[in-house]
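Reader: Could you pick one part of this model and take a close look at it for me? Start with what is tucked away in it, then work outward to the surroundings.

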Amino acid sequence: MTLPDIHTLYDVVAATWPAAQTQQVGPWMIRTGKGGGSRVSAATAHQPISPDDIVTADRAMRDLWQTPLFMVREGEDTLDAMLETAGYVIKDPSVIYVAPVSDVATMRPPPVTAFTVWPPLAVQRDIWATGGIGDGRLAVMDRAPMPKTTFLGRIDDKPAATVFVGCHERCAMIHALEVARPFRNKGLARHLTRAAAFWAMEQGCDHIALVTTAANTAANALYSSLGMTRVGGYHYRTLAKGLHP
């Protein structure tokens, strides 16, 4: 089965983790994040840009009381060089993995390990909050308009992990997989990823995908071991000494 290309996956990421608002400003898509994280706060270029356009985007983000942040995707080397020249430094290089759903949905998690839940339970919200995923990101999940769910992971009869999954264009995207620290290295991330793949199959999805940071060696090893393919990525650029406006 042919995998989705990286540009299709960018669309899936944006659709399943939507900004609070978007506006077109010249060649830019400017996003209002409202605490939902970098993906929903970064500007992206949709036409060729000039150094003056960078100033325009910077001003537009400051007008929203957001720290200027740009997402640089595959093939945007000219933009990347312009941002570097303007003093913006790289932040959070990230990679995207994808696989046919059938390649990941090969073994169901053990009984009482993964439960489909919507809306998220208070205990899931607590797990996310402890991992730094707060109300702003939970609001992203709430406003996602497509088929979606969360999974609560349990081990040793205790709630221990949680994850959000949304579907767009027959591709399921995993977001915000968080395992509580006392329960890490027990296979829960693997179980939840497989549970998400079985759910995606039930929704009629052909593929399952996710984003992780390049620096997260454990996550990269896990998704590779599940047969997922690293197809590309992106990074952000922000001011070296950027201050909140």
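**A close look at helix H5**

Author: Three residues of H5 are buried: Gln124, Ile127 and Trp128. They sit on the same side of H5, because the arc they cover around the axis is only 95° (an arc taken over the directions from the helix axis to the C-beta atoms). Buried here means under 20% relative accessible area, exposed means over 50%, and partly exposed is what falls in between, using a 1.4 Å probe and protein chains only. Helices (H or I, at least four residues) and strands (E, at least two) are DSSP runs, numbered from the N terminus.

A quick word on the ground rules. This is a predicted model, where local features need pLDDT of at least 70 and side-chain atom pairs count only at pLDDT 80 or more, while totals for chains, interfaces and linings use all residues. Residues are numbered from 1 along each chain as its sequence is written, and side-chain values use heavy atoms, leaving out hydrogens and water.

Now flip the helix over. On the face turned away from the buried side you find the exposed residues Ala122, Asp126 and Thr130. As a rule of thumb, an α-helix has 3.6 residues a turn, so residues three or four places apart point the same way.

What lies over the buried side? The cover includes strand S6, helix H6 (135–143) and the strands S7, S8 and S9. Contact, by the way, means heavy atoms within 4.5 Å.

Gln124 deserves a stop of its own. This residue of H5 counts as buried because its relative accessibility is 0%. Leaving aside residues up to four places away in sequence, Gln124 touches Val117, Thr150, Phe151, Leu152 and Thr162.

The two ends of the helix have something to show as well. Pro119 is in the loop that runs from strand S6 (114–117) to helix H5 (122–130), and the peptide bond leading into Pro119 from Trp118 is cis, with omega near -5°. After H5 comes Gly132, with a positive phi near 90°.

Follow Phe151 next, and the view widens. Again not counting residues up to four places away in sequence, Phe151 touches Gln124 and a list of others, including Ala114, Phe115, Thr116, Val163, Leu192 and Trp199. In soluble globular proteins, nonpolar side chains tend to be buried together. In this model the largest nonpolar core has 35 residues, and Phe151, Ile208, Tyr223 and Met228 are the ones with the most contacts inside it. (A nonpolar core is a set of buried Ala, Val, Leu, Ile, Met, Phe, Trp, Tyr and Cys residues joined through side-chain atoms within 4.5 Å.) At least two residues of this core come from each of strand S5 (88–100), helix H4 (101–104), strand S7 (148–155), strand S8 (158–168), S9, H7, strand S10 (207–213) and helix H8 (217–225). H7 gives the largest share of this core, with 9 residues. Another core lies apart from this one, with 16 residues, among them Val98, Met173, Val211 and Tyr234.

S9, which helps to cover H5, leads on to S10. The two run parallel and are joined by 4 bridges; for two strands to pair, DSSP has to find at least two bridges between them. Cys171 stands opposite His207 of S10. Together with H7, the strands S9 and S10 form a right-handed β-α-β unit, right-handed meaning that, with the strands pointing away from the viewer, the path from the first strand over the helix to the second runs clockwise. S10 also has S5 as an antiparallel partner, through 7 bridges, and there Tyr97 stands opposite Leu210. S10 is largely enclosed by the rest of the structure, because 6 of its 7 residues are buried.

One last bit of scenery: the loop between strand S9 (171–179) and helix H7 (188–202) holds Asn185. Asn185 is a non-glycine residue with a positive phi, near 65°, and its relative accessibility of 84% makes it exposed.
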